[in-house]
Amino acid sequence: MEMISNRQLVLIGASYVMNGALLCTMVKAIEAGYNDVWMAVPIAVAAGLAAVWMLAAAARRFPGQDLFEVLAARHPVVGRAIGFLYIFYFFILLCRDFRILILYINITLLEYTPLLIVAMLILACAVYMARAGLEVSARVNEIWMFLYVVCVLLVPILVAPAIHLHHLFPMLYDGFVPVLKGSWFLFPFFGDIIILPFLIGYPAFKLKSGTQGLLIGSASIFILIACALLVLGANVASRFTFPAYELVRLIQLTDFLDRLELPLVAIWMPTLITKIAIGMHLASHGFGRLLPGLSPRELILPFGALAVSCSFWLFRDLAEMFLFNRLWPYAAILFQLVIPLLFALFLRPARNRQ
Amino acid sequence: MNDDMWLGIAFFAVLFVTQLYFQRNERAPSKWLGGGLIALGCVLWVVIAANSPGIRPVGLIVNWLENRIFIP
């Protein structure tokens, strides 16, 4: 059995929460919540916390087993069906991350490189990492996420000269509905923290580790959204495809140290590639748990290859990705709130019959 | 897009051969399930590359749902 430390698990959770929201939904949330979108973050966090609490309650009853294992052992037919549904859900997350990273690289860095070449390079990195096991991915993630969180904490200091407080006013001009709309777009991404109990069971995953991961990831998003609002203003920030990237492009230290976005991207990108590797590990690990005759390690490459195709098939362009994000909260309600609630209520160990 | 199609087919062929012959396989079902998934990926790739604008599953689903449920 693979062992990862509590800190590594927390940082995997933080990476899942932060990386998806950073590229996929930040602009939609700003568009919906406008200059009050920062208030939407705590509401979305509350939904994520509810999901973590329900899953932690279910996982605590089965020490040493992840949720795939529990589902297969406890309810062989229905449990396996739910397990496969979750594999499908995690696979869609994997495709989404793959596609948004390829699109991001294509739009901002390598405009003329064929998309498939970019996809192959990402796939090669992620497959090597995932085949080495969860421990290796967790260690890589620990290094890069730590650096990334430090960078996020530095962003407000580095953009301080460009901050304009008047961008936050007038507050709640259109009432509270835009804030709720902003949180509607954010909560499915914060709820991605639910992957943790499927990766590793209690006591490695518990309420505390899930909450810490969620809070670190959502705090990073809060800082970036607040800085984007304060520096760019909601009007401008909502018109960029990647507002966080545009924000860090504004960082300029003295007259000769500029283009600091490139080192920041160089620190952030490995966190997303590691997230993709963990996504592949999760899908193959789930298959291995639900169908014990299969070897999860051998399924990592095929899942990666299928994810490349499906990512292009599902999301033809960025517009389709944003369209998908409008619908995604409905799927998130099912997978992050309804099914975990059923787990918390009904998933219990079998009683010993004497 | 045609170039992309052939590049994609070559890419999936390399992965398929790797999966079936160069990977240290511990369990036969994983080998063949893996090969099947790669083949499915290749078929999808050819479909996307050959008929790119016509296939929009997400767009179709969202358009279909738009009039049935509330989507903010």
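Colleague: How many residues does each chain put into the contact?
Modeller: Chain A gives 28 residues and chain B gives 33. Two residues are in contact if their C-beta atoms, placed from the backbone, lie within 7 Å. This is a predicted model: local features need pLDDT of at least 70, side-chain atom pairs count only at pLDDT 80 or more, and totals for chains, interfaces and linings use all residues. Residues are numbered from 1 along each chain as its sequence is written, while chains are lettered from A and ligands numbered from 1 in the order in which they are written.

Colleague: Which elements of chain A give two or more residues to the side that touches chain B?
Modeller: Helices H5 (115–131), H7 (177–190), H13 (296–314) and H14 (318–346) of chain A. Helices (H or I, at least four residues) and strands (E, at least two) are DSSP runs, numbered from the N terminus.

Colleague: Which one gives the most?
Modeller: H13(A), with 13 residues.

Colleague: And what classes of residue make up that side of chain A?
Modeller: It divides into 20 nonpolar, three polar and five charged residues. Ala, Val, Leu, Ile, Met, Phe, Trp, Tyr, Cys and Pro count as nonpolar, Asp, Glu, Lys and Arg as charged, and the others, Gly among them, as polar.

Colleague: New topic. At what angle does H4(A) pack on H13(A)?
Modeller: About 75 degrees, with the axes 8 Å apart. H4 of chain A covers residues 78–109. That makes H4(A) roughly perpendicular to H13(A). Axes are lines fitted to C-alpha atoms, for helices over the stretch in contact, and angles run from 0 to 180 degrees between N-to-C directions. Under 35 degrees counts as roughly parallel, over 145 as roughly antiparallel, 65 to 115 as roughly perpendicular and the rest as oblique.

Colleague: Which residues of H4(A) meet H13(A)?
Modeller: A:Phe91, A:Leu94, A:Cys95, A:Phe98 and A:Arg99. On the H13(A) side they meet A:Ala307, A:Val308, A:Cys310, A:Ser311 and A:Leu314. By class, that contact has eight nonpolar residues, one polar and one charged.

Colleague: What about H6(A) and H12(A), how do they cross?
Modeller: At roughly 150 degrees, and their axes come within 9 Å. H6(A) and H12(A) are therefore roughly antiparallel to each other. The residues that meet include A:Trp144 and A:Tyr148 in H6(A), and A:Trp268 and A:His281 in H12(A). That contact holds 13 nonpolar residues, five polar and no charged.

Colleague: Zoom out. How many helices and strands does chain A have?
Modeller: 14 helices and zero strands. Its radius of gyration is 20 Å, close to the 20 Å that the globule rule gives for 354 residues, so chain A is as compact as a globular protein of that length. The radius is taken over C-alpha atoms, and the rule is 2.2 Å times the number of residues to the power 0.38.

Colleague: What share of chain A is buried?
Modeller: 57% of the 354 residues. A residue is buried if 20 or more other C-beta atoms, placed from the backbone, lie within 10 Å of its own, exposed if 12 or fewer, and partly exposed in between.

Colleague: Where do the cis prolines A:Pro170 and A:Pro203 lie?
Modeller: A:Pro170 lies in the loop between H6 and H7 of chain A, and a cis peptide bond joins it to A:Phe169, with omega about 0 degrees. A:Pro203 lies in the loop between H8 (196–199) and H9 (207–232) of chain A. A cis peptide bond joins it to A:Tyr202, with omega about 5 degrees.

Colleague: A:Leu172 has a positive phi. Is that residue buried or exposed?
Modeller: A:Leu172 is exposed, with 12 other C-beta atoms within 10 Å. Its phi is near 50 degrees.
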